[in-house]
Amino acid sequence: MSTDLGKLQKKPGPKPKSTALQPRSLKSLKVSTADPCQQPTLLPHLITPRVPRKTRKSYPREFKLQALTMLQSHRMDLKTGKIVPVNVARELSITRVMLQKWKNEEHEIVSSRKGARKVEKNEKSKGRWHNMEKILHEKFLAAREAGRPVGKKWFMREGKKIVQQLDTDNISCLFSAGWFEGFCTRWNVAWRVRTKVSQKAPADKVASIQKFLQEIRRKSQPSTSERSILLQTRFPKHLIYNMDQTPLPFEFLQQRTFDTKGAKTIYIHSDHTSWTKRQATLMLTASADGVLHCKPILIYHGDIKETKPRREERVQYHPDVHVIFNRTAYSNESITLDWIHRDICQMIDSNIVLPQPERLVTLDIFSGQMTEKTFEAMKILSITPVYIPDGCTGYVQPMDTIINKLVKDKISELLEDMVDHNVQITKETIGQRRVLITHAVAKAWDWLHKHKRESIVKSFEQAGISLSPDGSEDHKLHIRGLPADQVVTVGNWHLEIESDEELEFIPSNSRHEPTVRPEDRHEPTVRPEDRHEPTVRPEHRHEPTALPANPPVRISVSSLCN
């Protein structure tokens, strides 16, 4: 009987869970919107808060190079007036341990690829003929360092020469297309498009670029009376300009286009065959604050005389573009003077000179911008010109590094849209084309300042033109186009330029001295009549030593001048 009762008795099951409220996750407390009466109440103490995970920052290669560059820069302490090194760790909000690690790995950081966040070890996979490929790659680097163009046939030709020089039977390379593709992969060689044509290599221009940056730094230092907490530079960003002329074709024909595979002829339509050889000059002036201050100038080829058809055509030009005609379709001294008075100084009448604020203008060494009249006008109107060294405009001129390409691409896009949406002007005349170009230039210039203002500001900062003169913004300096191992810094700008060789980028007839100290900036205006030597009176004329056998020979000033 007891055994029967034991069989009928229930076995103990799992312990019942406590009915007390227990913390639950958000997923288990998900509210159903089907029946609002069955919605549970969400109490704050029931939800387990998620502990935020500690994030670990990683920095790209460019940021690390800027930090290493700042280690060599100095700034002026406003309290003591002394030059002290920049505290890089505090400026960039990084630890000193991290900065020291980057300093130890400087060589690996420079050799890593652009944008890399980890130090990469360039370990190349060895090919079948590694020794031959190594010699070939060294020859390739030497040829490219000298600026020579290198093609596929060059690799084949030089590779065969190396095989003959090694004089071994183990090398049975046929220099096939497969071998060449593997060689390019192993040695990081790629087919590239030419970007610059120059007589000097980019590495040879580092010294000239540094001198230009030091010239900017010297002239941007505020004078003793102006130095205060509120004003830390002589030129605010809205008074810093860069002007450049760029050729503008009448028709933008692309060199490449998408087409069907296997097509033998790639045809691109041109409205007028003569337009491919016709160009205008576009003068653009940008400011370091990214705000539109100066209108663009278009210089067309044509007679200066205004005729009736020309006047009728001018009515259709866009009002925000200045249009000029001359025989060369290029800038000259007269156009430069008009640009100074009308666009830079906003003067209605060039004969009425009003007090002007100090401005900094960077220009290339074009002859029309380096005449006596332009120097005189700039000095009267408180304009400080700084000329970019020859061959360095593609590195430190904001117009050439970023702005010109953005504007010309937008002009090409607008002209294409105008032609596509206006069927009646598909066969337009040269005058109608000039009108369309003025409208496209005005819209592109306005678009640039509205949508690409940050790019304009960044171009001035990377070129070192609008940086703070106390050195606190030197980490923003980034010269485009230079090799990765060539790092340009401002350096010690306090040193005076002594040798004539260092003045090669300063115009010889310029009256703006390359080295201007703060106490020497305010000098009286030198009139043209005061520059010539005073008239030499007869009693003060130089008499050269004569031979004993001959009487003394007197040389007049007029004979010397002749």
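These legends go with close-up views of a predicted protein model. Residues count from 1 along each chain as its sequence is written, and side-chain values use heavy atoms, leaving out hydrogens and water. Because this is a prediction, local features need pLDDT of at least 70 and side-chain atom pairs count only at pLDDT 80 or more, while totals for chains, interfaces and linings use all residues.

**View 1. Two stretches to take with a pinch of salt.** Mean pLDDT (the predictor's confidence in each residue, from 0 to 100) is 75 for the protein, with 65% of residues at 70 or more. Residues 24–37 stay under 50 and make twelve contacts (heavy atoms within 4.5 Å) beyond four places in sequence. Residues 497–562 are also below 50, with 70 contacts beyond near neighbours in sequence. Where pLDDT is low, don't read the predicted coordinates in detail.

**View 2. A six-stranded open sheet.** Strands (DSSP E runs of at least two residues; helices are H or I runs of at least four, both numbered from the N terminus) line up as S6-S5-S4-S3-S7-S8, with mixed pairing. Pairing takes at least two DSSP bridges between two strands. S6 (322–326) and S8 (383–387) sit at the edges, each pairing on one side only.

**View 3. S4 meets S5.** S4 (residues 279–287) and S5 (residues 297–301) run antiparallel, paired over three bridges. Here threonine 281 stands opposite isoleucine 299 of S5.

**View 4. Threonine 384, tucked into S8.** This threonine belongs to strand S8. Threonine 384 counts as buried (under 20% relative accessible area, 1.4 Å probe, protein chains only) because its relative accessibility is 10%. Beyond four places in sequence, threonine 384 touches Lys219, Arg234, Phe235, Arg359, Leu360 and Val361.

Technical notes: Buried means under 20% relative accessible area, exposed over 50%, partly exposed in between (1.4 Å probe, protein chains only).
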